[in-house]
Amino acid sequence: MKIIPFRPGLAKYFRDLNLLWLEKYFYVENKDTELLENCENSIINKGGYIFFAEIDNEIVGCYSMIKLNDSIYELGKMAVDQSYQGQKIGQKLMLHGIAFAKSQNWKELILYSNTILEPAIHIYKKFGFRKVALEKDTPYARSNIKMHLVLY
């Protein structure tokens, strides 16, 4: 497996991988549509990043780093193709994301999730993310947990 950065031809994989899990567990919110339908404008062009997990020239996973300010990014839209789950791809993406954030000298990563996604919450905790207070107006209606990782 290798992890590769965003390029325009990969945008459809970012959208499709995320739509699969969103539709399986929740529904697609306006914020999701904004981020997924034009990820180059809504994430990349605003100072964010998207990375993909690739196995044998096939895109099997992804995640994004959404810029909140110069030192805090939201880890978001992490997804792994269902047929590749259980192979620790999500954990490899997480390791990559944390290492990338540290290489950029960011101070903190945050994420929003939902506690019904127990495997994801377990991975976040395993990598040092801790629960923090959830603001009243979260970016996603489905979010019932906010976590952060202090990097420096």
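**Notes on a predicted fold**

1. Let's start with a small oddity: K88 sits in the loop that links β4 and α4. Keep in mind that this is a predicted model. The phi of K88 is positive, near 65 degrees, although K88 is a residue other than glycine. That is worth a second look, as most residues other than glycine have a negative phi. Is K88 buried or exposed? With a relative accessible area of 52%, K88 is exposed, the cut-off for that word being over 50%.

2. Now look at K77, which also has a positive phi, about 55 degrees, without being a glycine. K77 belongs to strand β4. Its relative accessibility is 6%, so K77 counts as buried; the limit for buried is under 20%. Compare the two lysines on your screen: K77 is buried, whereas K88 is exposed.

3. Next, the sheet. How many strands form it, and in what order? There are 7 strands, and reading across the open sheet you meet β1-β2-β3-β4-β5-β7-β6, with mixed pairing. The edges belong to β1 (2–5) and β6 (130–132); each has a single partner strand, so one side of each is left without a neighbour in the sheet. On average, neighbouring strands here are turned by 30 degrees against each other, if you ignore direction.

4. A quick reminder before the pairings: strands of a sheet pair through backbone hydrogen bonds, either parallel or antiparallel. You can find both kinds in this model. β1 and β2 run antiparallel and are joined by 4 bridges; here K2 has E54 in β2 as its bridge partner. β2 and β3 also run antiparallel, with 7 bridges between them, and F51 stands opposite Y63 in β3. For a parallel pair, go to β4 (residues 72–80) and β5 (residues 108–113), which are joined by 3 bridges. Y73 faces L109 of β5 across that pairing.

5. β2 deserves a point of its own. With β3 it makes a hairpin that has 2 residues between the strands, and D56 in the turn has a positive phi of about 50 degrees. How many of the residues of β2 are buried? The count is 6 of the 7, so β2 is largely enclosed by the rest of the structure.

6. On to the helices. α1 (residues 11–25) lies across β2 (49–55), β3 (58–67) and β4, and its direction makes about 90 degrees with β3. α1 also packs against helix α2 (residues 30–37), at an angle of about 155 degrees and with the axes 9 Å apart. The two helices are therefore roughly antiparallel to each other, since angles over 145 degrees get that name. To see the contact, show F14, R15, N18, L19 and L22 of α1 together with D32, L35, L36 and E37 of α2. The residues of this contact split into 5 nonpolar, 1 polar and 3 charged.

7. Which residues of α2 are buried? They are D32, L35 and L36. Around the helix axis they cover an arc of only 90 degrees, which puts them on the same side of α2. The cover over these buried residues includes α1, α3 (39–42), β3 and β4.

8. Helix α5 (residues 118–126) lies across β5, β6 and β7 (145–150), running at about 25 degrees to β7. I121, I123 and Y124 of α5 are buried. Looking down the axis of α5, you'll see its buried residues within an arc of 160 degrees, so they line one face of the helix. On the other side of α5, E118, P119 and H122 are exposed. Among the elements covering the buried residues of α5 are α4 (89–103), β5 and β7. After α5 comes G128, with a positive phi near 100 degrees.

9. One last stop: K107, in the loop between α4 and β5. Which residues does K107 touch, if you leave aside its neighbours within four places in sequence? K107 is in contact with S71, L149, V150, L151 and Y152. Try measuring from K107 to D70 too: they are 37 residues apart along the chain, and their C-alpha atoms are separated by 8.9 Å.

Definitions and conventions:
Residues numbered from 1 in each chain as written. Predicted model: local features only at pLDDT ≥ 70, side-chain atom pairs only at ≥ 80, totals over all residues. Heavy atoms only, no water. Pairing = 2+ DSSP bridges. Axes fitted to C-alpha atoms, helices over the stretch in contact; angles between N-to-C directions. Contact = heavy atoms within 4.5 Å. Buried < 20%, exposed > 50% of the residue type's maximum accessible area, 1.4 Å probe, protein only. Arc of directions from axis to C-beta. Parallel < 35°, antiparallel > 145°, perpendicular 65-115°, else oblique. Nonpolar A, V, L, I, M, F, W, Y, C, P; charged D, E, K, R; others polar.
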